[in-house]
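Please look over the sequence and the three-dimensional model shown here before reading on.

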Amino acid sequence: MSAKSQVYDIPGEHTKECTTPSHAAATANEEVPVLVVPASAPEGFKIDGVDLYPGDDVTGANTNTTHLNLINRGTDGTGTTELANYDLTSGNNLTKAVKKALYAPATALSLAVNSVLVLQHEKVGTGLLVPALRVVVRFRPA
């Protein structure tokens, strides 16, 4: 192993975790980066999934709500590809500390070095309070 070797050189699935701040109902759309593929992963990553763990319960609503969107911003930050979404509409709830699978592709998504994934809180109507979320990205070296 060279001095430049990283944990990303180890075969198998790894995780990256972050916590998004609470999103107030009155707040406009906002985005939080949940993964930036580091330069130390020269071949990039294959994304196996993204899971959310809410800090509190959320009861979905139809008119005034928030949509949670996973967006691939690409390597230059301008990408707009929505990979997954969970709309907190009536019947779509979150339970404190219970895993909600946001993204589970049938085939792992390949991301190049410097690619950025963001979790977008999209305000609909007057919005809906979303507590802090622990976001777990499951990946493996490409």
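The notes below take up the nonpolar core, the aromatic pair and one buried glutamine.

The model is predicted, so that local features need pLDDT of at least 70 and side-chain atom pairs count only at pLDDT 80 or more, whereas totals for chains, interfaces and linings use all residues. Residues are numbered from 1 along each chain as its sequence is written, and side-chain values use heavy atoms, with hydrogens and water left out.

**Nonpolar core**
- The largest nonpolar core (buried Ala, Val, Leu, Ile, Met, Phe, Trp, Tyr and Cys residues joined through side-chain atoms within 4.5 Å) has 28 residues, and Ile47 and Val135 have the most contacts inside it.
- Among the elements that give two or more residues to this core are strand E2 (30–36), strand E3 (45–54) and strand E9 (133–141), strands being DSSP runs of at least two residues, numbered from the N terminus.

**Aromatic pair**
- The one aromatic pair found in the whole structure joins phenylalanine 45 and phenylalanine 139, which are stacked at 4.1 Å centre to centre with 25° between the planes; pairing needs ring centres within 6.5 Å, and stacked means planes under 30 degrees apart.
- Phenylalanine 45 lies in strand E3 and phenylalanine 139 in strand E9, 94 residues apart.
- Phenylalanine 45 is buried (under 20% relative accessible area, 1.4 Å probe, protein chains only) at 0%, and phenylalanine 139 is buried at 1%.

**Glutamine 120**
- Glutamine 120, in strand E8 (residues 116–124), counts as buried because its relative accessibility is 13%.
- Contacts of glutamine 120 (heavy atoms within 4.5 Å), leaving aside neighbours within four places in sequence, include His67, Leu68 and Arg73.

Key
Helices (H or I, at least four residues) and strands (E, at least two) are DSSP runs, numbered from the N terminus. Buried means under 20% relative accessible area, exposed over 50%, partly exposed in between (1.4 Å probe, protein chains only). Rings of Phe, Tyr and Trp (its six-membered ring) pair if their centres lie within 6.5 Å; planes under 30 degrees apart count as stacked, over 60 as edge-to-face and the rest as tilted.
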